[in-house]
Amino acid sequence: MTKPILLSTPHMGDRELEFVKEAFDTNWIAPIGPHVDAFEQEFCQVVGARHAAAVSSGTAALHLALRLIGVESGDEVFCSSFTFIATASPITYLGAKPVFIDSDRTSWNMNPDLLREALERRARSGKLPKAVVLVHLYGQSADIDPIVAACSAYQVPLIEDAAESLGAIYKGRSPGTFGCIGIYSFNGNKIITTSGGGMLVADDSQLVSKARFLATQARDPAPHYQHSEIGYNYRLSNVLAGIGRGQLRVLGDRVAARRHNFEVYQQALGSLPGIEFMPEATFGRATRWLTCLTINPITFGADREQVRLALAKQQIEARPVWKPLHLQPVFANCECIGGAIAEDLFKWGLCLPSGSNLTIEDLERVIQAIAEIHQRTVQTHAN
Ligand SMILES: *Cc1c(COP(=O)(O)O)cnc(C)c1O
């Protein structure tokens, strides 16, 4: 039987089980504890953030971030369109409405010019958004400097969704640490995982203390249970924080392995007609969390879906790139500024198996399968 090759699976290091065992041995099986505190501190050191709060998911971290900024019912929030739904769903949890912004071709992330122009227009009509949510997709940072500049010019807080880009670099620093609040995810498919979890970071210690407060049911400091606000149950388990501490220690290796996958794929497939790999923007270093490419069906001879299905037949899991949020039925009533680039990327874009635990044989099987699809179409045309 052929072994399935999956898109992105967990990859444990040597220390995770030790930390988990320590949690068991000390009976810290709770959503607080020494591993949670240590994970937060160690995470701050890795990304260069001042303060961090470990939570139950990246989505929870985004929800808290928007609450901390004061997003409320009826507000508008600008948001990247080309991303996973979790970037935008917390906006709707608060009764606010996303306004989507298209990508640029150099980073596949938010186009800073579109954002600046949109903020200019909104300032003139006196209807600025309450916040901007910027995603760093597939391990690559957006062009953060002009986005920060545009947001500061109009005093609109910036939230960075770096769920997919832990380990990436933008001009020497970690994406997620430039805005007012940044968030990360440790879901099972991310570059490191706690099986499920997330982190919220900020320079402002009060924001992070408030995040912890909201994440633990917003309990007032009183001996009895007293509440002046509604909170959530969003803290990370001490057991899972132990996994996170182990995973943090191998983050550098995981980035190197995923970048290596990308290089192997690109070497082997980059010269096939119609294939273009996701560019790496010159302002930073991508992690290549997922290896993404676009397939021009005319020059390649098969379209994205045909390739995906042919791979699936050989037990190889590939997936279309994110469907832009402005094309999602649930957001049919939301405005989008631009949109053509994200639509183009979606039409042709495919993510290849990219886990840091793939072997060279796995990569070769994927490469072979794609090369054969192209070969077959060339032969069909020749006959
Ligand atoms: C995974 C992901 C999230 C959500 O993280 P969870 O931990 O799964 O809740 C948010 N945004 C993006 C871009 C993601 O890929």
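**Briefing: N109 and the ligand site**

N109 counts as buried, because its relative accessibility is 1%, and the cut-off for buried is under 20%. The model is predicted. Two topics follow: the surroundings of N109, then the ligand and its contacts.

**N109**
- N109 is found in a loop. That loop runs between β3 (97–101) and α5 (112–124).
- S80 and N109 are 29 residues apart in sequence. In space, their C-alpha atoms are 7.3 Å apart.

**Ligand site**
- The ligand sits in the second largest pocket.
- Around the ligand there are 15 residues. The closest are T59, D161, E164, S185 and K190.
- By residue class, the shell around the ligand has eight polar, four nonpolar and three charged residues.

**Polar contacts of the ligand**
- With E164, an oxygen atom of the ligand is 2.6 Å from an N or O atom in the side chain.
- With G58, the partner is a polar backbone atom, and a ligand oxygen atom is 2.7 Å from it.
- With K190, a ligand oxygen atom is 3.3 Å from an N or O atom in the side chain.

**Ligand coverage**
- On its own, the ligand has 380 Å² of accessible area. The protein covers 94% of that area.

**Points to check in the viewer**
- Which residue offers a polar backbone atom to an oxygen atom of the ligand? It is G58.
- Where is N109 found? Look in the loop between β3 and α5.

How values were computed. Residues numbered from 1 in each chain as written. Predicted model: local features only at pLDDT ≥ 70, side-chain atom pairs only at ≥ 80, totals over all residues. Heavy atoms only, no water. Near = heavy atom within 4 Å. Polar contact = N/O pair within 3.5 Å; in protein donor to acceptor, adjacent residues only side chain to side chain. Areas by Shrake-Rupley, 256 points an atom, 1.4 Å probe, with all protein chains shown as cover. 1 Å grid on protein atoms, 1.4 Å probe; cavity = no way out; pocket = protein on both sides within 12 Å on 5 of 7 lines; lining within 4 Å. Sits in = over half its atoms within 2 Å of the grid points. Nonpolar A, V, L, I, M, F, W, Y, C, P; charged D, E, K, R; others polar. Helix = DSSP H or I, 4+ residues; strand = E, 2+ residues; numbered from the N terminus. Buried < 20%, exposed > 50% of the residue type's maximum accessible area, 1.4 Å probe, protein only.
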